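Work through the exercises below with the sequence and the model open. Each task is followed by a solution in steps.

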Number of protein chains: 2
Amino acid sequence: MINTTQKHQATLEQAIRALHNRTYFSHYPENPLPDVYGPDADAQGRAAYDARRGQPYAELQQGEPEAWVGQEESPYEQQPLHITYPYYAPETLVCNAQQAFGPWRKLKPADRAAILIEALEGMKARFFEIAHATMHTTGQAFLMSFQASGPHAADRALEAVAAGYEEQTRLPEQAQWDKPTGKYTISLRKTWRAVPKGVALVIGCATFPTWNTVPGMFASLVTGNPVIVKPHPKAVLPIALVVAEVQKVLVAHGLPATICQLGVDADDRLITRELAENPAVKLIDYTGGTEFGNYIESLQSQGKVVFTEKTGVNSVILDSCGDLDKVVQNLAFSVSLYSGQMCTAPQNFFIPEAGVQVGDTLVPYEEVVQKLASAVQGLAANPKAAPHVLGAIQNPATQERVVQMSQRGHRNALAHGQVDNPQFQNARTCSPSLYELDATQKEHFSQELFGPILLAIKTKDTHESIRLAAELARKHGAISCAAYTTNPELKEEIMDQMSLAGTPVSFNLTGGIYVNQSAAFSDFHVTGGNPAGNASFTNPEFVLKRFTWVGFREPATS
Amino acid sequence: MINTTQKHQATLEQAIRALHNRTYFSHYPENPLPDVYGPDADAQGRAAYDARRGQPYAELQQGEPEAWVGQEESPYEQQPLHITYPYYAPETLVCNAQQAFGPWRKLKPADRAAILIEALEGMKARFFEIAHATMHTTGQAFLMSFQASGPHAADRALEAVAAGYEEQTRLPEQAQWDKPTGKYTISLRKTWRAVPKGVALVIGCATFPTWNTVPGMFASLVTGNPVIVKPHPKAVLPIALVVAEVQKVLVAHGLPATICQLGVDADDRLITRELAENPAVKLIDYTGGTEFGNYIESLQSQGKVVFTEKTGVNSVILDSCGDLDKVVQNLAFSVSLYSGQMCTAPQNFFIPEAGVQVGDTLVPYEEVVQKLASAVQGLAANPKAAPHVLGAIQNPATQERVVQMSQRGHRNALAHGQVDNPQFQNARTCSPSLYELDATQKEHFSQELFGPILLAIKTKDTHESIRLAAELARKHGAISCAAYTTNPELKEEIMDQMSLAGTPVSFNLTGGIYVNQSAAFSDFHVTGGNPAGNASFTNPEFVLKRFTWVGFREPATS
């Protein structure tokens, strides 16, 4: 333990500093370059993934399963992967976790942090395998699969480890308390323990199976809680590989592998509710739809600590800019990235009826919509770029939503279509469609339309755009907001109103940085301040609520 | 503003250091000495209190009321105080608070902290008036009324201000984020705001009207939220005086008094639910019974942030000690202090059937019970001490509970009685009673019996005592635990089991320090880790959840 702890101490301290500086920091290189990851890394990762297809996933060390189950299928091939995973009944998983709690909670925070960083090193060695597993479960293009499920996820996990370690060591372990009473001094020796809450459950989603799972998973682990990872049944493999790496390091340090378990759904029933409602489960992290998220949040009244990332309605406020072509290029990329299947993807574009001020020119509303449609269309039709940006559609329901939207009679500025993918002829794809609405048609733009659906909403002026964007965020949640304005007063109005709506704002982005991107150690992902979710990667609250400060005192002389 | 901020900066910094050192620190002297508070302070405070009786309380600056209402009565006189307070409908209070939100949230955290410390200085100048108001609403004896409602409460308020200020300034307000991409650098200028949640409600209790109210009140205020203080209808005056001091300082700084309002119940209906359920109310602090507390916690599913202190079952574990007489003297004081009406008062005394090891001697169970009963009896019968320790009974229901308990047929080791109080012949008093139960009679010792009721519970051994104390704390909550053991293994077992039950433990206390006492800046009051409540005075979570970090970014060149 001592060696591992020393080995990773510098990384841990660097990560803590990064959390406070909030300048650029990344511990895991985001580009899949041969000179970083080795010349054969990609080929080996792909081969490792290929070898798993049609096989039981036998890498976990959590005991004899009750059954082998699996339901994954590739959005690129629209074929089952035929990989099976060991199934354990919920009560078995909880019972295993309870037994593993003792040895895990008794370690020092520094030792737990080091073990987890060691596991992230193991994950790093498998980034390419995880990338191919992510592609063929989520439908993300390769580069996003690599970055989001690999280095970006590992950075978010390290961030959670650093924050958790810092909070657990922020107060003294002991102090002498000498109270002068006039006649004499009362002296007490006081000690404090950071006591983990108990069994933790992390419920994953189908689109970002590692990125959205590892923050809660590593936050609960570093604070001493045993974790059950319950992945979405359609996206198991990417996070199974991470769990396997954690288990390897635990076992190597003489600890039970069951400190971190994978708990998959049975083929004939979902086990999430059973796990979540088990009285021994004290902590729940959830990423997914709002309806089930609200149910998970209702479990707070049973004394459970709950972290959620649900859904939101993300807005773009277009007021004024220097170069409208650069703006629409940037936004076209944002809406096309993974075909709008990101929780940070923009949906509602608020445009003043008088148009957008571009330098000295007022570009009419219709022209702004047309430029946006053209930019989106241009990207989707670009055979060199489109497959690598748009990827494939994870869930057939997303494609159905797009079709249904086209039948609602809204004015259509851009129709959806296929995205040609020479490598995967059978890929499930869908290019973005754009509809025009009026500011009065609130019922049509007040919900998340998950997937590649864009709405241009004509407003009286930018004040109305701001009012609507803020109101939607307050009432229905929002995870991102892009705003374009060269007017300082309007900028402050946007910051003020969106801050009250708990929504971060990216101003005037053009070029190679996009509103959807959220950088570990700098950007808080989800603020916790609106209905899109109560968790934030990674503010202090995200780790603090996973343990309890308990104090002890006794006469100093005893 | 600048002057006030500079004036209190040193105090603020000292308080933050104290939070981290957790050694002894107090900013407000706890002894009501003439050389500290002035030779006439007591007489003036008493006169000020007397002058309020039978009068409308006209010191608040929150606008024309709808009515004047009041229901307080003195437990020492069993007579109404006939003081009336301005009544405002819940929607008026919320509307006022919403209007006051803007100017308050736009101040810097340092300015808000300074204004609040200035208000605490005003409170300090009225500690004696507050003490007499506390006596004649809660039934506390004078010294406790002074200390708990005055300096100890002010220290807890300062602690919340310090913690809130520190958390709001812990992250940078801005940073330059430079990401190297290989070809070029992406530079973003990032800023962050700590955004208050919105209107806050603080619901007080009848026994500690300022001590339990000011932490949530000052925590919400320092983080920029306008506060509505809803006191218990039987204990309004002590906190009304504090609210008046806050309003004075706000107005003196050109701010609306309605940033901090007093919202009393109407004479014919309670307004707490209406206030709590108002959608604009985002934060709720609550001290009181478990049933209503559970209802308040259920409002979390409406997205409200809730802090509760409910009730618990506090245990004493008697295993071994050096001097049993000193132990029972200490415990007798703890159970007699304010006649057991403290949330930290011990109730269940777990004693091994074989007895308690005292040095080389094993003192039989029966003798331990007898010694405890004698010590309690001795204190209650001591005319010089009893009135000043036991005070009076706040609520007639507490006295009824004592009588009902006497009719249940449990073996009675000490009967309840009156406590003579020469100063207040008509005081509602009740001395502690002690009943003996068996470890198997769990249904009889698994609930809080609020007031001066003690249970001696005979266990197989100390392991069973620990198991039961921890189980009760886990299932029903606990706020304190006293343990007496000279055995290091048992001590560790107690620490381990009670820490998992989220309960602080005081070991081997004798002399002038008691398990009920909880010191600001050092002891966390309530851990938040068991059903006794989810709030803890003052851990970082207690202030963090009152605001949201929201980030903004833009190209560094824009």
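**Annotation and ground rules**

The UniProt annotation "domain: Aldehyde dehydrogenase", from an unreviewed entry, covers residues 93-500 of chain A; UniProt positions are given in the numbering used here, feature names are shortened, and annotations may be inferred rather than shown by experiment. The model is predicted, so local features need pLDDT of at least 70 and side-chain atom pairs count only at pLDDT 80 or more, while totals for chains, interfaces and linings use all residues. Residues are numbered from 1 along each chain as its sequence is written, chains are lettered from A and ligands numbered from 1 in the order in which they are written, and side-chain values use heavy atoms, with hydrogens and water left out.

**Exercise 1. Describe how domain 1 and domain 2 of chain A meet.**

Step 1. Take the bounds, which come from an automatic or database domain assignment: domain 1 is 2-310 + 535-553 and domain 2 is 315-507.

Step 2. Locate the contact (heavy atoms within 4.5 Å). It takes 20 residues from domain 1 of chain A and 19 residues from domain 2 of chain A.

Step 3. Find the buried area, meaning the accessible area (1.4 Å probe) that two parts lose on being put together, summed over both. The two domains of chain A bury about 1,500 Å² between them, 58% of it on carbon and sulfur atoms. On the side of domain 1 of chain A, A:Tyr76, A:Gln78 and A:Met144 lose the most area, together 32% of what that side buries.

Step 4. Look for salt bridges (a side-chain nitrogen of Lys or Arg within 4 Å of a carboxyl oxygen of Asp or Glu). The rule finds one across this domain interface of chain A.

**Exercise 2. Describe the interface of chain A and chain B.**

Step 1. Count the residues: 73 of chain A are in contact with 73 of chain B.

Step 2. Give the area. About 6,400 Å² is buried between chain A and chain B, and carbon and sulfur atoms give 56% of that. A:Tyr24, A:Arg170 and A:Arg553 supply 12% of the area that chain A buries against chain B, more than any other three residues.

Step 3. Count the salt bridges: there are 18 across the interface of chain A and chain B. One of them joins B:Arg105 to A:Asp496, with the closest N and O atoms 2.7 Å apart.

**Exercise 3. Which side chains meet A:Glu554 in a salt bridge?**

Step 1. Within chain A, A:Glu554 pairs with A:Arg189 at 3.2 Å, N to O. A:Glu554 is in strand β22 (residues 547-555) and A:Arg189 in strand β6 (residues 185-196), 365 residues apart; strands (E, at least two residues) and helices (H or I, at least four) are DSSP runs, numbered from the N terminus.

Step 2. Across the chains, A:Glu554 also pairs with B:Lys491 at 2.7 Å, N to O. B:Lys491 belongs to helix α19 (residues 488-500) of chain B.

Step 3. Check burial: buried means under 20% relative accessible area, exposed over 50%, partly exposed in between (1.4 Å probe, protein chains only). A:Glu554 counts as buried because its relative accessibility is 8%. A:Arg189, at 31%, is partly exposed. B:Lys491 is buried.

**Exercise 4. Does helix α8 of chain A agree or disagree with its expected span?**

Step 1. The expected span is 1.5 Å times one less than the number of residues. For the 18 residues of helix α8 (residues 151-168) of chain A, this gives 26 Å.

Step 2. The end C-alpha atoms of helix α8 of chain A are 25 Å apart, which agrees.
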